[in-house]
Amino acid sequence: MRGAAWHARIACGDVVGSGFLVTGRLLLTCAHVVRKRGRYPVTVSFPHARELGEVSATVVVHGGWAGADTDPGDVAVLELAVDEDIPLAPARFAPHDTAYTEPYPKLVSYGFPKDYDEGTLAEFQAVSAQLIAGEWLELVTWHGHGQPIVDGFSGAAATLPDGRVVGMVTAALGTSPEVRKGRMLPLDVLARYWPGLAELVPVAGLGDDDPRRLYDLLRRAAADPGAGHDPNRLYLDAVGPFGPPLPPGGFPSLRAAADYVRWEVPDPDALPRFTDRLAGLLGGRPALPDRAAPDATTERAGPAWSPVVVEIDHSGAGPDQVTVEVSAYRDGRRRPVGARRLPRTGVRAYVQSRIDEAVAHLAPAADELVTFVLPREWLNEAVAHWECGADDSTPLGCAYPLVVTDRARHHSGRMRHQLRKKWQKLDTGGGVEVHRVECGTRERPPSLRKRLWDGDAPLAGFAAPPTATRPLFEVGLTVPVPVLLWPRTGTPCAVHEDTPRAETARTDAPGAGKAGGSGVPGGPGNPGGPGSPHEDASCPGTAFLDRLTAAVADVPPAELPRHVMSLRLTAEAADEPERHWARHLQLLWDDPRCFPETGASLHSPVA
């Protein structure tokens, strides 16, 4: 304490208190010490530097204290009326939780009670880490005798024996021999009212430059608000899968998220992770420089997509009742966001209300993939056309890469295993062939199944919606074909409207049982038959498959969700969107490596 010249005596009218210098011309004190500032000047003197005399000061930050003893925000920042910084070293700070870390240390304050114009000292300690009303730490005198905390100590720094500051004294609770207590604001609460303090307080285990670097980055981000960096995603990325969840309502700013990580998250690595992630987003020092780059054997171990999953299932409570679960995948783990049983008419609004929250759980640089896991009869639902929300009419399929998948297939161990093997092969190649299921085809389901297996098909394209090709479409779902594409709308065209459908086609037709269906008109062995791509260009289904084949010819299957989003954007921007061939394009895309934990449903008794 011998060299602590930064202790200050604050006077305003007949009120005398204490304060402490935090920069060359700024001091902290209590708002109630300067409550008469409108009628009387505020003066500051330094008992260890009497040669400076009394210096005028003005209040530049007020914590919002309303006047009662128990009102919060009893904080004021004073600025000295000087042209240059005064020649005194400001206070040094300890990490914010030092005052209430076991064993609780002795704390010392320098105050100015009545008849002590030169000042005197009081010794005390924190009673507990528990805040009173979310604001104060309670103090008790170090000994049962000696100087208690009384008027004149308000605004005094609470210091460790080595002189580092851990808080500010705000009130005395009793001065009788039986009650010698007081209250102080710890550093994290002080920073709530004056955010500039956060840059002066060190972080345990980090160097002095680390907090400064963080707040420099936050100022850079604030200067470019249009960059759209999501504080909720940065927070979740910093705290990891087992960290504290987002507080209700999330964070209004990056600064709020950073302060929450700093003051409220116990993980010592969370703040450096937050800083590094933010630096990476702003083009500064690369995020996580100590993480080794993936080698050649791991860089293709799985897709880069980060799914947001909307899973819909029959609830069992009635034919119109379904259970909707929304979750996000991050670091290989499923993070539930919400689940609710709803009538079918309420599903869209519930999904709209939860999508944004789910996306916030993803890593900041993640490529989001909205995946609807649907019962089979829902696969043709126009989910890509659902609006993002009540205040945003953008179709979901134009805001995110969006795919659907079949719920039974999604949870099938056989299909997941076989699809993983299929994707491992696809990772090494480029574009793939579209295995076409033509309009009006008489190909039998067993023939299509063999064709897809024999061709090791990665992608099947259907010329008509599932309602028009049900048996063939279900074959596509039960064979490990990773990608299915079809038009959601349409009916048999005039060319094929009299052609027997797959549901009623004769199974004893000549050649029906031959390998590859070579004797079936319109089958793969008879390209000139009804429904072939060369039969009649006026067939909408044939035209759809021709356009689809050309559109995906050079696109790797892993990139199809992004490519289909581009097609949807193009269709929406067309002069006549309904006439664009991709307007109602539906994409079933299924890579089980994106969903490492299918697990039990949230509404399951064992979830």
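# Helices, cores and loops of a predicted chain

Residues L234, Y235, D237, A238 and V239 of helix α3 meet A270, R273, F274, R277, L278 and L281 of helix α5. This contact is taken from a predicted model, and it offers a convenient place to begin. Helix α3 covers residues 231-239 and helix α5 covers residues 270-281; the two pack with their axes 8 Å apart, at an angle of about 135°. Because angles between 115 and 145 degrees fall outside the parallel, antiparallel and perpendicular classes, α3 is described as oblique to α5. The crossing of these two helices, α3 and α5, is right-handed.

Helix α3 also packs against helix α4. The axes of α3 and α4 cross at roughly 20° and come within 9 Å. Since an angle under 35 degrees counts as roughly parallel, α3 is roughly parallel to α4. The crossing of α3 and α4 is right-handed. On the α3 side, the contact is made by P231, L234 and Y235, and on the α4 side by L254, A257, Y260 and V261. L234 and Y235 of α3 thus take part in the contact with α4, and they also appear in the contact with α5.

Helix α4 itself spans residues 254-264, and its buried residues are L254, A257, A258, D259, V261, R262 and W263. Against which helices do the buried residues of α4 pack? They pack against α1 (187-193), α2 (209-222), α3 and α5.

From these helices the view may be widened to the whole chain. The chain holds 13 helices and 23 strands. Of its 607 residues, 52% are buried. Among contacts between residues at least 6 apart in sequence, 66% join residues at least 24 apart.

The buried interior can be examined through its nonpolar cores. In soluble globular proteins, nonpolar side chains tend to be buried together. In this chain the largest nonpolar core has 70 residues, and F20 and F46 are those with the most contacts inside it. Leaving aside residues up to four places away in sequence, F20 touches W6, L26, L27, L28, A91, F93, G155, A156, A157, V165, G167 and M168. Apart from this core lies another, of 45 residues, which includes I312, Y350, V370 and V481.

Two cysteines also belong to the buried part of the chain. C12 has a relative accessible area of 0% and C594 one of 5%; because buried means under 20%, both residues count as buried. How many disulfides does the model contain? The count comes to zero.

The loops provide some further details of the backbone. Most residues other than glycine have a negative phi, and most peptide bonds are trans. The peptide bond that joins E102 and P103, however, is cis, with omega at about -10°. P103 lies in the loop between strands β6 (76-80) and β7 (107-111).

Two residues that are not glycine have a positive phi. One of them is D115, with phi near 75°; D115 is found in the loop between β7 and β8 (120-126). The other is A133, with phi near 55°, in the loop between β8 and β9 (137-141). Are D115 and A133 buried or exposed? The relative accessible area of D115 is 66% and that of A133 is 69%; because exposed means over 50%, both residues are exposed.

Terms used
Residues are numbered from 1 along each chain as its sequence is written. This is a predicted model: local features need pLDDT of at least 70, side-chain atom pairs count only at pLDDT 80 or more; totals for chains, interfaces and linings use all residues. Side-chain values use heavy atoms; hydrogens and water are left out. A nonpolar core is a set of buried Ala, Val, Leu, Ile, Met, Phe, Trp, Tyr and Cys residues joined through side-chain atoms within 4.5 Å. Buried means under 20% relative accessible area, exposed over 50%, partly exposed in between (1.4 Å probe, protein chains only). Contact means heavy atoms within 4.5 Å. A disulfide is a pair of cysteine sulfur atoms within 2.5 Å. Axes are lines fitted to C-alpha atoms, for helices over the stretch in contact, and angles run from 0 to 180 degrees between N-to-C directions. Helices (H or I, at least four residues) and strands (E, at least two) are DSSP runs, numbered from the N terminus. Angles under 35 degrees count as roughly parallel, over 145 as roughly antiparallel, 65 to 115 as roughly perpendicular and the rest as oblique. A crossing is left-handed if the near helix is turned anticlockwise from the far one by less than a right angle, and right-handed if clockwise.
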